[in-house]
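The paragraphs that follow lead through one protein chain, beginning with the chain as a whole and then moving from one group of elements to another. Please keep the sequence and the model in view while reading.

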Amino acid sequence: MKRTPRRLQHAFKKLSLKSRLLLAAAFWLSSMILAAGIGIPKLVNDYLVKDVKEQLALSMDEITANLETNEQGKLVLFSRLSDPRFNQPYSGLYWTASTTKDELRSRSLWDKKLKFKDNSLDIAPTVKGAKDEKLIYIQKHIYLPEIKAPITITIGVDEDPLEKTLHQLTGQVWIILGLLFSGVLFLIGIQVSWSLRPLAKMQSELIQLRKGEQQNLSQHYPQEIAPLVSDLNALLFHYQELLERARNHAGNLSHSLKTPLSVLKNELGHLDEEDKKRLSLPINKLQEHIDYHLGRARMAGSMNILSVATSPSDRVDAISMAFDKVYAAREIMLINELNSDDNIAVEATDLDEMLGNLLENGYKWANSMIRVHSKYAADNLIEITIEDDGNGIPEDKLEHVIRRGVRLDESTPGTGLGLNIVDEMAHSYRGSLLLGRSKMGGLKATLTFPLVAN
C-alpha cells in the first residue's frame with residue numbers, strides 16, 4: 001500500500017506536457033463547474049424564496065388592513081381577499097390570525113390547522129399546511145384596540161411547486177455546465193495542441209536526425225525554444241567535427257607508430273638472448289599501450305550522434321564469415337538467432353569491434369559451437385548474448401578478466417585488451433557488458449544496448 005503514492009508520482013512524472021496541461025485545465029475547470037453547479041441553484045432558490053415572501057407580504061398587508069373584531073369581540077375579515085386561492089380548499093395558500101383565545105383561518109385550510117414543528121437545527125420552526133405539505137411562510141404580530149393580546153398573523157404557501165421548478169432548473173443548469181465543460185476543454189485542447197506544435201515538430205525532426213535523413217534542426221521555431229535549437233545544432237556540428245578530427249588523429253598516430261615499432265621488433269632478432277629478454281618486455285608494453293589507446297580512440301562514436309542504427313544480426317553474419325575462414329581448422333559452428341529487424345543505437349564499426357572481440361574469443365575457445373541470441377529488456381533495451389561450449393572462465397575471475405591487460409592464457413597470442421575495450425565501448429553507448437557461465441559450459445557474454453525504434 002505504501003508504494004501506491006510513489007507509483008502515482010512516477011506515473012505523473014512520465015506524463016507528456018500536453019497531458020499535464022489538459023489535466024490541470026480539467027481540474028480547475030471541473031472545480032469551477034462544480035462550484036457553479038452548486039452555487040447557481042442556491043442563488044436561484046434564495047431569489048425565488050425571497051420573491052415568494054414578497055408576494056406573501058402583499059397579502060399580509062391586505063389581511064392586516066381588513067382585520068377587525070365584531071360585536072362579540074371575535075376576529076373577522078370585513079372584506080374578501082383579492083387572491084382567490086385563499087377561498088379554494090387545499091389550494092396550498094393559507095393564512096391564520098390567532099390570539100390566545102381566538103383564531104381566524106382562511107377557507108383554503110377547510111377543517112385543518114397550520115402545524116408548527118420546532119426544529120433544533122433551524123432558527124425558525126417548520127410549518128405544514130392542510131395537506132401536510134411544507135410551507136414557505138411569514139409571520140407578523142399586530143395589535144387592535146379592542147384586544148389587549150397580540151394577534152399573530154401567519155401566511156404560508158406550498159413549497160413543492162418551487163422545489164419542482166428549482167429541481168428542473170438545476171437539471172438544466174447541470175446540462176448547460178456539462179456542455180460548457182466539454183466545449184471549453186475541447187477548445188483548451190486545441191489551444192494546447194497548437195501551442196505545443198513546435199515541440200511536436202522538434203520531435204519529428206529529431207526522429208529524422210535519428211534516422212540519418214537530416215543533419216540538423218531547422219531554424220523556424222518560436223523565440224522561447226529557438227536558443228535551445230540553436231545550441232543543439234551547434235552541439236551536433238561540434239560533435240561531428242571533434243569526432244572526425246579524433247579519428248584522423250588516431251589514424252595518423254597508428255601509421256606513425258607502426259613503422260618504428262616494426263623496426264624495434266626486427267632489431268630484437270639481431271640481439272643476444274639477454275638483451276632480447278631485457279628489451280622485449282618494454283617494447284611489448286609499448287605495443288600494449290598503443291593498442292589500448294588506439295582502441296579507445298576507435299570508440300569515439302557515430303558521425304551523427306542521433307542517427308546511429310545498426311543491425312546486430314547483419315554484423316554477426318559478416319564477422320562470422322571472416323572468422324569461419326580464419327579459424328577454418330577448428331570447425332566451429334556459429335548459430336545466429338538474432339532478429340534481423342532489430343537495430344541498436346551503436347555505430348557499425350564500433351559494434352564490429354565489440355562483437356568481433358567476443359566472437360573471436362568464442363572461435364578460439366569453443367569446442368564446436370557458438371550461439372548468438374537476444375531478448376528484450378525493460379526501458380527499450382535489448383540483451384545480445386554470445387555463448388560457447390568451451391571450458392569457460394572460472395566465476396571468481398569473471399570480473400578480473402575485464403581489466404586492462406589481463407590474460408588468463410599467456411600461450412595464446414593477444415594483448416589482453418579485448419574485453420576491457422568492449423566493456424568501455426559498451427559503456428560509451430549507454431550499454432553494458434556482463435560475463436557469466438553458459439549453460440553450454442563455456443563463457444556467456446551479454447551486451448545490453450538501447451533499441452532504435454523502427
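Of the 454 residues of the chain, 35% count as buried. The model is a predicted one, and in it the chain has nine helices and 13 strands. Among the contacts in the chain that have a separation of 6 or more, residues 24 or more positions apart account for 60%.

A good place to begin is strand S8, which covers residues 147-158. Nine of its 12 residues are buried, so strand S8 is largely enclosed by the rest of the structure. Which strands run beside S8? One of them is S7 (residues 135-144), which is joined to S8 by nine bridges in an antiparallel arrangement. S7 and S8 form a hairpin with two residues between them, and within this pairing Ile142 has Ile151 of S8 as its bridge partner. Another is S3 (residues 93-98), which also runs antiparallel to S8 and is joined to it by six bridges.

Along the pairing of S3 with S8, Trp95 stands opposite Ile155, while Thr96 stands opposite Thr154. As general background, the side chains of a regular strand alternate between the two faces of the sheet. S3 itself has six residues, five of which are buried, so this strand too is largely enclosed by the rest of the structure. S3 also pairs with S4 (residues 103-105), through three bridges and again in an antiparallel sense, and the hairpin that joins S3 to S4 passes through four residues.

Ser98 shows how these pairings come together at one residue of strand S3. The bridge partner of Ser98 in S4 is Glu103, and Glu103 is also among the residues that Ser98 touches, together with Leu75, Pro150, Ile151 and Thr152, when residues up to four places away in sequence are not counted. Although Ser98 and Thr152 are 54 residues apart in sequence, their C-alpha atoms are 5.4 Å apart in space.

Further along the chain, the unreviewed UniProt entry lists residues 173-194 as a "transmembrane region". In the model this span is 100% helix and 0% strand, with its end C-alpha atoms 31 Å apart.

Helix H7 (residues 312-326) offers a clear case of a helix with a buried side. H7 has 15 residues and reaches 21 Å from its first C-alpha to its last, close to the 21 Å expected at 1.5 Å a residue. Which residues of H7 are buried? They are Pro312, Ser313, Val316, Ile319, Ser320 and Phe323. Seen down the axis of H7, these buried residues fall within an arc of 130°, so they line one face of the helix. The general background is that an α-helix has 3.6 residues a turn, so residues three or four places apart point the same way. On the face of H7 turned away from its buried side are the exposed residues Met321 and Lys325. The buried residues of H7 are covered by elements that include strand S9 (333-336), helix H8 (348-365), strand S10 (369-377) and strand S11 (381-388).

Several of these elements meet again in the largest nonpolar core, which has 37 residues, and of these Met354, Leu359, Ile370, Val372, Leu447 and Phe449 touch the most other members. The elements that give two or more residues to this core are H7, H8, S10, S11, helix H9 (418-428), strand S12 (432-437) and strand S13 (443-450). The largest share of the core, six residues, comes from H8. Met354, leaving aside its neighbours within four places in sequence, is in contact with Val346, Val422, Met425, Ala426, Tyr429, Leu447 and Phe449. A second, separate core of 23 residues includes Leu93, Ile136, Ile142 and Ile155. In soluble globular proteins, nonpolar side chains tend to be buried together.

The route ends in the segment after S13, where Val452 lies. Is Val452 buried or exposed? With a relative accessible area of 13%, Val452 is buried, because the cut-off for that class is under 20%. Not counting residues up to four places away in sequence, Val452 touches Arg210, Val308, Ala309, Asn343, Ile344 and Ala345. The C-alpha atoms of Val452 and Asn380 are separated by 8.3 Å, although the two residues are 72 residues apart along the chain.

Conventions: Residues numbered from 1 in each chain as written. Predicted model: local features only at pLDDT ≥ 70, side-chain atom pairs only at ≥ 80, totals over all residues. Heavy atoms only, no water. Buried < 20%, exposed > 50% of the residue type's maximum accessible area, 1.4 Å probe, protein only. Pairing = 2+ DSSP bridges. Expected span 1.5 Å × (residues − 1). Arc of directions from axis to C-beta. Contact = heavy atoms within 4.5 Å. Core = buried A, V, L, I, M, F, W, Y, C linked by side-chain atoms within 4.5 Å. UniProt positions renumbered as here; feature names shortened; annotations may be inferred.
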